[in-house]
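Please open the model in your viewer and keep the selection panel at hand. The stops below are meant to be taken in order.

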Amino acid sequence: MEYRMLGNSGIKVSKIGMGCWSFGGGAYWGEQSQKDVDAVVSAALDQGVNLFDTAEVYNDGASERSLGTALRGKREKAVIISKVKPSNARPENLRKSCEDTLRRLQTDYLDVYMFHWPINAQAIRHFISDQEEINHPAAVQQAFETMMQLQKEGKIRSIGVSNFGVRQMEQAIATGANIDSLEITYNLLSRAAEREALPFCVQHGIGVVGYMALMQGLLTGKYTSPAQVPAPQAHSRHFRAERGGEQSRHGTNGAEPEMFEAIEKIGIIAKNLGVPMSQLSIAWILQKPALTTTLVGCRNEKQLNENLKAASLQLDEDTLAELDRVTQPLWEKLGDNMDYYENPARSRIF
């Protein structure tokens with residue numbers, strides 16, 4: 001396993017990390033046994049994976065509790081990222097969220113603590129219904145000053161941001177905080193970050209943690225039409241708004257023809273190379289120089305072992321260029337906004 005420095009944090013992370021959203025089980029991903037979590041976390045550590053990403057909102061804290069249980073006695077081997085909701089950005093709430101997260105994870109420090117979404121009304125309304133809090137979000141300066149205080153106290157080692165755009169990263173940096181990392185959606189079907197965010201991070205020495213490497217299963221090849229995709233996994237702007245049911249809020253016509261044409265062509269490239277589409281998709285991300293690491297969701301050891309094979313898959317320049325080419329029409333249809341779940345006119349990211 002190759003390790004890379006996460007921005008200027010001094011923390012080295014494996015180039016493939018584990019996304020822990022499904023840990024603890026919940027309505028979105030379904031049941032997840034602790035026995036499987038224990039096994040997959042142990043196997044990941046044995047194979048050199050040291051990065052584990054969770055959040056207070058994942059399964060209402062159950063993800064953090066499950067990961068903490070799985071890492072019992074192994075904490076020193078792991079780099080843990082957790083994230084706080086923007087609705088908890090006020091100093092007293094942020095401090096409480098951090099302490100609750102530490103308790104659930106059974107640890108006395110976080111390696112990286114991130115704001116899960118930017119601190120603005122549009123982002124906050126997805127977490128709470130308190131109109132007063134929505135209309136008057138926490139001050140960005142005060143929020144990051146609290147993060148810096150938690151860092152001074154040793155509760156967190158590094159400050160990061162998740163789902164922030166360039167202007168929002170500039171605001172964060174202007175508070176005086178050292179922003180070491182950005183976590184953002186990035187995969188063959190979601191390339192908007194290439195326009196501004198990735199060049200900005202390279203310029204400012206900010207490490208990039210990609211998530212949704214397989215676009216919630218779409219890049220495994222198991223779906224051949226949009227009708228096959230479960231509604232919870234079909235509420236992004238890639239799909240027609242009605243496809244995602246009640247969870248869909250973007251109100252657009254989506255880009256289903258372009259997406260499934262891209263998936264078909266990616267599948268052909270994978271077949272010609274004799275590798276699974278999932279491994280090809282992860283390997284493409286790993287060879288993007290702006291990316292420090294990418295997160296993959298692994299519910300069991302079999303999925304883990306298949307995904308980790310991508311770490312040793314080297315793609316030649318022609319293959320990388322061809323993958324860029326076949327996914328370009330989808331990128332053009334979806335545009336450069338990195339918020340894939342909101343209408344661009346109501347974007348939380350800017």
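## Two loops with positive phi

Begin by selecting Asp60, which is placed in the loop between β4 (51–53) and α2 (62–70). The model is a predicted one, and in it the phi of Asp60 is near 55°, a positive value in a residue other than glycine. Most residues other than glycine have a negative phi. Switch on a surface display and look at Asp60 again: its relative accessibility is 70%, so Asp60 counts as exposed.

Now move to Gln106, in the loop between α3 (91–105) and β6 (110–115). Here too phi is positive in a residue other than glycine, with a value near 60°. Gln106 has a relative accessibility of 42% and therefore counts as partly exposed.

## Helix α8

Select residues 197–204, which make up helix α8, and colour its buried residues, namely Ala197, Leu198, Phe200 and Cys201. If you turn the view to look down the axis of α8, these buried residues fall within an arc of 160°, so they line one face of the helix. What do the buried residues of α8 pack against? Their packing partners are α7 (166–174), β8 and β9. On the face turned away from the buried side, α8 carries the exposed residues Val202 and Gln203. Step past the end of the helix to Gly205, which follows α8 and has a positive phi, near 70°.

## The pockets

Next, display the largest pocket, which has a volume of about 1,400 Å³. Its lining comprises 50 residues, and those to select for its centre are Trp21, Tyr28, Trp29, Met212 and Gln216, which lie nearest to that point. The elements giving two or more residues to this lining are β8 (179–185), β10 (293–297) and α11 (301–308). Colouring the lining of the largest pocket by class should show 23 nonpolar, 19 polar and 8 charged residues.

The second largest pocket has a volume of about 200 Å³. Of the 13 residues that line the second largest pocket, Glu196, Asp336, Asn337, Met338 and Phe350 lie nearest its centre. By class, the lining of the second largest pocket divides into 7 nonpolar, 2 polar and 4 charged residues.

## Two buried residues

Select Thr294, which is found in strand β10. Is Thr294 buried or exposed? Thr294 is buried, because its relative accessible area is 0%. Show its surroundings, and, leaving aside neighbours within four places in sequence, you will find Thr294 in contact with Lys15, Ile16, Gly17, Gly210, Ala213, Ile282, Ile285 and Leu286.

Then go to Phe239, in the loop between β9 (207–211) and α9 (256–273). Although placed in a loop, Phe239 has a relative accessibility of 0% and so counts as buried. Once neighbours within four places in sequence are set aside, its contacts include Leu218, Pro226, Val229, His250 and Met259. For one of these contacts, His250, you can draw a C-alpha to C-alpha distance to Phe239, which comes to 9.6 Å for two residues that are 11 apart in sequence.

## Salt bridges

The structure holds 26 salt bridges, and three of them make the last stops. In the first stop, the side chains of Arg240 and Glu242 meet at 2.8 Å, N to O. Arg240 is partly exposed, with a relative accessible area of 32%, whereas Glu242 is exposed at 55%.

Select Glu258 and Lys333 for the next stop, where the two side chains form a salt bridge at 3.3 Å, N to O. Glu258 lies in helix α9 and Lys333 in helix α12 (residues 317–334), so the pair ties together parts that are 75 residues apart in sequence. Both count as partly exposed, Glu258 at 25% relative accessibility and Lys333 at 46%.

Finish with Asp324 and Lys288, whose side chains meet in a salt bridge of 3.2 Å, N to O. Because Asp324 lies in helix α12 and Lys288 in the loop between α10 (277–286) and β10, this pair ties together parts that are 36 residues apart in sequence. Lys288 is buried, with a relative accessible area of 16%. Add Arg191 and Glu194 to the selection, and the view will hold a network of salt bridges that links Arg191, Glu194, Lys288 and Asp324.

Note on methods
Residues are numbered from 1 along each chain as its sequence is written. This is a predicted model: local features need pLDDT of at least 70, side-chain atom pairs count only at pLDDT 80 or more; totals for chains, interfaces and linings use all residues. Side-chain values use heavy atoms; hydrogens and water are left out. On a 1 Å grid over the protein atoms alone, a cavity is a set of points where a 1.4 Å probe fits but cannot get out, and a pocket is an open set with protein on both sides within 12 Å along at least five of seven lines; lining residues have an atom within 4 Å of a point. Grid points are joined across faces, edges and corners, and a volume is the space filled by probe spheres set on the points. Helices (H or I, at least four residues) and strands (E, at least two) are DSSP runs, numbered from the N terminus. Ala, Val, Leu, Ile, Met, Phe, Trp, Tyr, Cys and Pro count as nonpolar, Asp, Glu, Lys and Arg as charged, and the others, Gly among them, as polar. Buried means under 20% relative accessible area, exposed over 50%, partly exposed in between (1.4 Å probe, protein chains only). Contact means heavy atoms within 4.5 Å. A salt bridge is a side-chain nitrogen of Lys or Arg within 4 Å of a carboxyl oxygen of Asp or Glu. The arc is that of the directions from the helix axis to the C-beta atoms.
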